[in-house]
Amino acid sequence: MDRQEEYLKLLFGTDLELRAFIGSIVRTPHDCDDLFQDVALTLWKEFSRYDRGRSFGAWARGIAAMKLMQRFDRTKRSPVVLSPETIEAVARAFDNSESPSNRAEALERCLDELPEKSRRLLALRYERSLKIDQIARELQTSLDAVYQSLSRLRTKLHDCVNRRLSVQGIS
Amino acid sequence: MADSTRTQELIQKYLDGRASSAEMAELESLLQTDSTVARSFVDAARLHAGLAAHFRKQFMIDQVASLVKADQAAQAALEDQVGFEGLDDSSATAPVISPRRAGSTFVPTSRGPAAKRRRKFPAVRSVTAHRGKWVAAIALLVALGAGLWFLVDFRNSYSRLISGRVTVDGLETTELPQDRPFVVAGPTNAVVRLGGGAHVELEPATLATIRRGQRATVVQLETGGGEFQVDPDYTPIRIETPLGIVTTSSAQVTVTLVTRLPASYSPTTPVTLPRLVVAVAHGVVTVERGGKILSLTAGQREAFVNAT
């Protein structure tokens, strides 16, 4: 396996985790994509320095955290709104709870169990990236109703994913 | 340990962009001091990313599937139209079937003459089935390529609202189409990421149009203005106003175009004539006015009151 192949394999093995970390600090999908690309490029440039004895995910997260911290500026309406101290705490929490690789599969199954109406609501939020007020307008309902429905759905999905993972013997 | 209901509320509000400054501060404090809260935050972030990945993937799959489906339908219709002459060796043994008359009524492909031929002559069916697969595979590749090209091009060319409010033709939007004037609505500034990467924070009531130039992203400013942030990695920007053109490939610059005279005269306030004000915080910009080019560097501020 050449260097590029090895890098891509490692990156694609952890890209969802890396996106989850970046997406927890920058919340718009567009900014998240931009930062992910920026981080992926830096990881490739720095790949010769990567210590194979270390988790690739943790190394990538460390570099992403540095980039996020550099962009933090509350006064300039930066996409990064959490302070460097918080970013560090979040990165540490990700490091302390590596995600099982079959989490995505478990989520797919849980989504299959949802009624069409719930899937439609999630699609508005995650496929079309609409804000809560835009969803409320589209569905002609109140902001609070959308917020409550989304919260309930996420809790349900979270519980379902954990249940499926624990059945498979992964906590 | 923090109350878990409150923690979940804070996390969900934050991820949905609905947390107030006080709630943000509360969440940040909890994240830094309580590992249980940090763990819950990570769980929520993973779910959030998983949902985004699932629905965006599904969106692409649906698009490709509809393109392939359309191509297959067109292919089946074509088969019914032209018959099978000259397709391959099997045409030597299979009887020649006349093409369908133009303008004949539509028959569903599963029940039409082509379907009957497929049932009667398996060799023909095999060839056409393979041809269908090849066409579908090529169509899939073309659709994927076109989809990727579209996504990359779309991402590079579209300008997006990051915060604040803008309207196009009176309707609020978060994506700013090219060549259509938009207005910054509401009392707060609007932050826009321009196609090409530059960021701009526009003042309320700013009226402008974004265009894609050959070498720069063009912002045609009719009134108002704001702070433009252009990094060397971004596409340069060119701000066109009736009083001059401001261009930069790397700078933080405030450009304000005042076009309206004050509503009333006050003896203590100087009269502000229509003017263009350019103030450079860092980097270099050029201002082109009446055929002359002027360079402004960090710390310089110039006001221009007419176009010559």
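## Exercises: a hairpin, a buried strand and an interface

Strand 12 (residues 275-289) and strand 13 (residues 292-297) of chain B pair in the antiparallel sense over six bridges; two strands pair here if DSSP finds at least two bridges between them, and strands (E, at least two residues) and helices (H or I, at least four) are DSSP runs numbered from the N terminus. This is a predicted model, with local features needing pLDDT of at least 70 and side-chain atom pairs pLDDT 80 or more, while totals for chains, interfaces and linings use all residues. Residues are numbered from 1 along each chain as written, chains are lettered from A in the order written, and side-chain values use heavy atoms, without hydrogens or water.

**Exercise 1.** Find what stands opposite B:Glu288, and which residue of the hairpin takes a positive phi.

*Solution.* Start at B:Glu288: its opposite number in strand 13 of chain B is B:Ile293. Now go to the turn. The hairpin of strands 12 and 13 of chain B has two residues between the strands, and B:Gly290 takes a positive phi near 50 degrees.

**Exercise 2.** Work out why strand 1 (residues 159-163) of chain B counts as largely enclosed, then list strands that pair with it.

*Solution.* Check burial first, where buried means under 20% relative accessible area, exposed over 50% and partly exposed in between (1.4 Å probe, protein chains only). Four of the five residues of strand 1 of chain B are buried, so the rest of the structure largely encloses it. Next, the partners:

- Strand 4 (residues 175-176) of chain B pairs antiparallel with strand 1 over two bridges, and B:Arg160 has B:Glu175 as its bridge partner there.
- Strand 6 (residues 190-193) of chain B also runs antiparallel to strand 1, joined by three bridges, with B:Leu161 opposite B:Val192.

**Exercise 3.** Describe how chain A meets chain B, from totals down to a single salt bridge.

*Solution.* Count contacts (heavy atoms within 4.5 Å): 47 residues of chain A touch 42 of chain B. Then take the buried area, meaning accessible area (1.4 Å probe) lost on putting the two parts together, summed over both. That comes to about 4,500 Å², 56% of it on carbon and sulfur atoms.

For charges, look for a side-chain nitrogen of Lys or Arg within 4 Å of a carboxyl oxygen of Asp or Glu, i.e. a salt bridge. There are four between chain A and chain B, including A:Arg154 to B:Asp16 at 2.7 Å, N to O. Finally, who contributes? Helix 8 (143-167) of chain A is among the helices supplying at least two residues to the side that touches chain B, and helix 8 gives the most, with seven residues.
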